[in-house]
Amino acid sequence: MAGPLDRPDLAVVGAGPAGAAAALGALHAEPGLRVALLDRADFPRDKACGDGVAPHVLDRLAEVGVTGLLDDRVPVARLRLDRGGRGAERTMARPSYVVPRRVLDARLVEAAQEAGAVLRRHRVRDLTVDGGAGGGGVVLDGEIAAPVVVGADGARSVVRRRVGWAPGATALALRGYAPVTPAREGAQVIAFGTARQPSYAWSFDRGDGWANVGYGEVLGDGQAPGKGELIGHLEDLLPGTTRDATDWRGHHLPLSGLRWRPPSGRVLLVGDAAGLVNPMTGEGIYYAVTTGIAAGRAAARALAEGRPARAGHRYRRDARAHLLPHLRHTAAAGRLSRSAPMLDAGLAASARDQRVFDDLVELGLARGRISPAVVRGLVTSLARALLRPLPEER
Ligand SMILES: Cc1cc2nc3c(=O)[nH]c(=O)nc-3n(C[C@H](O)[C@H](O)[C@H](O)COP(=O)(O)OP(=O)(O)OC[C@H]3O[C@@H](n4cnc5c(N)ncnc54)[C@H](O)[C@@H]3O)c2cc1C
């Protein structure tokens with residue numbers, strides 16, 4: 001017999017930041033909606049991540065009534081960017097947070113439940129879309145039927161595969177937890193690779209004596225690096241970070257590109273399932289929350305109008321209006337940062353000018369663009385590098 005959870009108005013597959021945000025977006029727009037939040041895991045659960053949470057994530061959550069989520073966490077204001085011993089260390093315009101995903105995601109799920117979503121442990125394996133004249137709908141695993149489904153099931157999304165949507169380039173990253181080294185206390189430290197590009201290692205102080213440490217690189221055509229290799233690169237770039245480290249966990253990051261066009265229809269893709277990780281920084285939580293809220297709102301409005309099949313179209317229009325200009329800029333920046341001289345030029349400009357630093361942080365964490373200050377800074381750095389006398393001329 002079908003239970004209330006088998007016939008929700010909206011089924012959300014995956015209860016990470018994107019899925020929880022989708023439930024929140026929908027219930028904020030239409031508080032009476034029946035929203036089923038499905039996840040293969042029980043919460044709290046861990047997730048491979050650098051745990052860096054941009055303050056912009058909290059801005060978006062406030063729009064759907066979630067406030068004070070990280071009030072008990074220690075904000076991190078310092079950011080150090082380094083490549084081969086040279087770079088910039090500055091205070092960010094707004095501090096970030098470093099929050100283990102076991103904590104962040106459970107709090108978001110709790111907020112979605114408080115808003116009215118019903119969490120159910122269920123691993124989705126199959127999805128069929130019936131666009132029939134009799135109303136149509138989406139059926140998950142032959143047992144859960146909903147007029148609209150949001151696919152928020154992460155980098156290896158089953159929903160994405162079932163609707164035949166292909167993501168772009170992929171990165172691979174590994175994180176662990178280690179006692180924070182004294183030189184890296186109170187800061188988020190990023191050391192860009194010197195041998196391979198784009199790649200970077202990080203140490204993010206959690207504020208409790210431990211740091212989230214890790215290393216990631218964009219995957220090419222060759223064999224993906226193994227765990228030992230990734231840890232080796234981390235230790236090379238940030239010596240001492242791997243000492244006494246535990247809880248190693250790796251995952252893929254589906255990177256965003258120049259053109260982002262999620263599918264329309266009754267199945268909406270959000271967050272990592274929609275291929276939305278910043279190619280410059282590997283940040284994805286901001287996009288996950290932003291697209292989750294947009295999808296939830298679009299679904300709620302389409303359902304209220306009695307036109308659920310329009311939900312995807314509405315979502316695509318709204319989310320692209322919000323994100324596309326930024327995604328184009330960040331794709332361009334991601335490509336530029338594959339060039340070592342360009343990366344060095346950006347770091348040198350950030351060291352000279354707080355404005356360039358702030359604009360690059362905005363581009364890497366949320367919705368920024370390549371600003372005139374960044375362009376001027378890059379040109380100046382490149383010109384200085386060209387005019388610098390060669391060693392034999394000094
Ligand atoms: C090592 C690493 C470091 C990173 N560092 C950062 C960082 O510092 N800051 C940042 O902003 N981003 C970072 N990211 C990216 C960030 O982790 C993702 O962009 C973010 O988790 C996306 O959220 P999501 O909700 O789309 O997906 P996820 O967080 O992956 O959530 C997906 C959910 O779906 C569930 N699920 C999966 N398949 C199914 C299924 N078939 N049925 C039911 N449920 C399912 C999973 O259990 C999971 O709960 C990092 C990623 C990696 C790998």
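A residue counts as exposed when its relative accessible area is over 50%, as buried when that value is under 20%, and as partly exposed in between. With that scale in hand, select Arg121 in this predicted model: because its relative accessibility is 53%, Arg121 counts as exposed. Add Asp42 to the selection, and the two side chains are seen to meet in a salt bridge, with N to O at 2.8 Å. This pair ties together distant parts of the chain, since Arg121 belongs to strand β6 (residues 118-121) while Asp42 sits in the loop between β2 and β3, 79 residues apart. Asp42, at 46% relative accessibility, counts as partly exposed.

Stay in that loop and select Arg45, which is placed between β2 (35-39) and β3 (52-53). Is Arg45 buried or exposed? Its relative accessible area is 16%, so Arg45 is buried. Leaving aside residues up to four places away in sequence, Arg45 touches Gly16, Arg101, Arg102 and Asp105, and its side chain makes a polar contact of 2.9 Å with the side chain of Asp105.

Next, move to helix α3 (residues 101-115) and pick out Arg107, which counts as partly exposed at 23% relative accessibility. Once residues up to four places away in sequence are set aside, Arg107 touches Leu69, Leu70 and Asp72, and a polar contact of 2.8 Å joins the side chains of Arg107 and Asp72.

Now colour the chain by domain: domain 1 comprises 4-74 + 97-167 + 257-329, domain 2 covers 170-254, and domain 3 covers 331-393. The contact between domain 1 and domain 2 takes 22 residues from the former and 16 residues from the latter, and the C-alpha centres of these two domains lie 28 Å apart. Between them, domain 1 and domain 2 bury about 1600 Å², of which 55% is on carbon and sulfur atoms. Which three residues should be highlighted on the domain 1 side for the area buried against domain 2? They are Asp46, Ala48 and Val98, which together supply 28% of the area that domain 1 buries there, more than any other three residues.

Keep Asp46 selected and add Arg249, for their side chains meet in a salt bridge with N to O at 3.2 Å. Across the interface of domain 1 and domain 2 the rule finds 2 salt bridges, together with 10 residue pairs in polar contact. On the side of domain 1 that touches domain 2, the residues divide into 10 nonpolar, 5 polar and 7 charged.

The next stop is another long-range pair, Arg83 and Asp344, whose side chains form a salt bridge at 3.0 Å, N to O. Here too distant parts of the chain are linked, with Arg83 in strand β4 (residues 76-83) and Asp344 in helix α8 (residues 340-352), 261 residues apart. Arg83 is buried, its relative accessible area being 13%, whereas Asp344 counts as partly exposed at 29%.

For a pair within one helix, go to α9 (residues 354-365), where Arg355 and Asp359 lie 4 residues apart, about one turn of the helix. Their closest N and O atoms are 3.5 Å apart in a salt bridge, and Asp359 is buried, with a relative accessible area of 14%.

Finish by selecting Asp6, Arg120 and Glu143 together, as these residues are linked in a network of salt bridges. By the rule applied here, the count comes to 20 salt bridges.

Note on methods: Residues numbered from 1 in each chain as written. Predicted model: local features only at pLDDT ≥ 70, side-chain atom pairs only at ≥ 80, totals over all residues. Heavy atoms only, no water. Domains from an automatic or database assignment. Contact = heavy atoms within 4.5 Å. Buried area = accessible area lost by both parts, 1.4 Å probe. Salt bridge = Lys/Arg side-chain N within 4 Å of Asp/Glu carboxyl O. Polar contact = N/O pair within 3.5 Å; in protein donor to acceptor, adjacent residues only side chain to side chain. Nonpolar A, V, L, I, M, F, W, Y, C, P; charged D, E, K, R; others polar. Helix = DSSP H or I, 4+ residues; strand = E, 2+ residues; numbered from the N terminus. Buried < 20%, exposed > 50% of the residue type's maximum accessible area, 1.4 Å probe, protein only.
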